[in-house]
Amino acid sequence: RMKAAVIERNGIRVAEMTAEVPMITDAASAMKLIMTVRYETGASRIVMDKALVCREFFILSTQLAGEILQNRIKLAIYGDYSGYTSKPLHDFIYVSNLGNDFFFVSAREEALEQLFAAG
C-alpha cells in the first residue's frame, strides 16, 4: 500500500511517496500514481526512493522513462545510480538534472531541495 506525506515550503507542496513494493512498474501505474497524488494531496511534485521504481524504467530502450516523463509532473528520484553502466542512461540522468522537472540524485534531502527550487 502506498502512502503520501505532504511536505510544504513557501506554498509549494511535495508528496513524499512510500511503499513496500515498486509503485512505478509501467506507464499505467505511473499515471495512476500521478493522478492519485494530485487528487489526494494537491501536489504536483513527487519525491521517492529509487526502490519504488521498477528496473525497466532505467533501461531506456523500454521507453518507460520517456512515457512517464511526458506527464506534467515534477519528479525527484533518489538513490544509488553508480551500478548503471549505460552511457545513454547516464546522459539521460545528466540532461534531466539540468532541467526543471525530473531529478535523479543520491539523497532524499537533495531531491527535496531540487523540487522546491524548481520553477
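**Inside and outside of a predicted model**

Colleague: Is Tyr94 buried or exposed?
Modeller: Tyr94 has 55% relative accessibility. Keep in mind that this is a predicted model. The cut-off for exposed is over 50%, so Tyr94 counts as exposed.

Colleague: Which residues form a nonpolar patch on the surface?
Modeller: Start from Tyr94, which sits in helix H3. The patch has about 360 Å² of accessible area together, and its members are Tyr94, Val95 and Leu98.

Colleague: Okay, now the inside. Which residues touch the most other members of the largest nonpolar core?
Modeller: That core holds 29 residues. Among the elements that give two or more residues to it are helix H1 (27–41), strand S3 (45–49) and helix H3 (87–98). The residues with the most fellow members in touch are Ile46, Met48 and Phe57.

Colleague: How many residues does the other core have?
Modeller: Let's not mix the two up: this one lies apart from the largest core. Ile7, Val47, Ala76 and Ala111 are among its members. The count is 12 residues.

Colleague: Is Thr41 buried or exposed?
Modeller: Thr41 belongs to helix H1. Leaving out residues up to four places away in sequence, Thr41 touches Ala4, Val6, Arg13, Ala15 and Thr36. Its relative accessibility is 9%. Buried means under 20%, so Thr41 counts as buried.

Colleague: Which residue's backbone nitrogen does the side chain of Thr41 reach?
Modeller: Look just past Thr41, a residue of helix H1. At 3.0 Å, the side chain of Thr41 reaches the backbone nitrogen of Ala43.

Conventions: Residues are numbered from 1 along each chain as its sequence is written. This is a predicted model: local features need pLDDT of at least 70, side-chain atom pairs count only at pLDDT 80 or more; totals for chains, interfaces and linings use all residues. Side-chain values use heavy atoms; hydrogens and water are left out. A nonpolar core is a set of buried Ala, Val, Leu, Ile, Met, Phe, Trp, Tyr and Cys residues joined through side-chain atoms within 4.5 Å. Buried means under 20% relative accessible area, exposed over 50%, partly exposed in between (1.4 Å probe, protein chains only). Helices (H or I, at least four residues) and strands (E, at least two) are DSSP runs, numbered from the N terminus. A polar contact is a pair of N or O atoms within 3.5 Å; within protein, one must be able to donate a hydrogen and the other to accept it, and residues adjacent in sequence count only if both atoms are side-chain atoms. Contact means heavy atoms within 4.5 Å. Patches are made of residues with over 30% relative accessible area and no salt bridge: like charges are joined within 9 Å, nonpolar side chains (Val, Leu, Ile, Met, Phe, Trp, Tyr) within 5 Å. Accessible areas come from the Shrake-Rupley method with a 1.4 Å probe; for residues, only the protein chains shown count as cover. A salt bridge is a side-chain nitrogen of Lys or Arg within 4 Å of a carboxyl oxygen of Asp or Glu.
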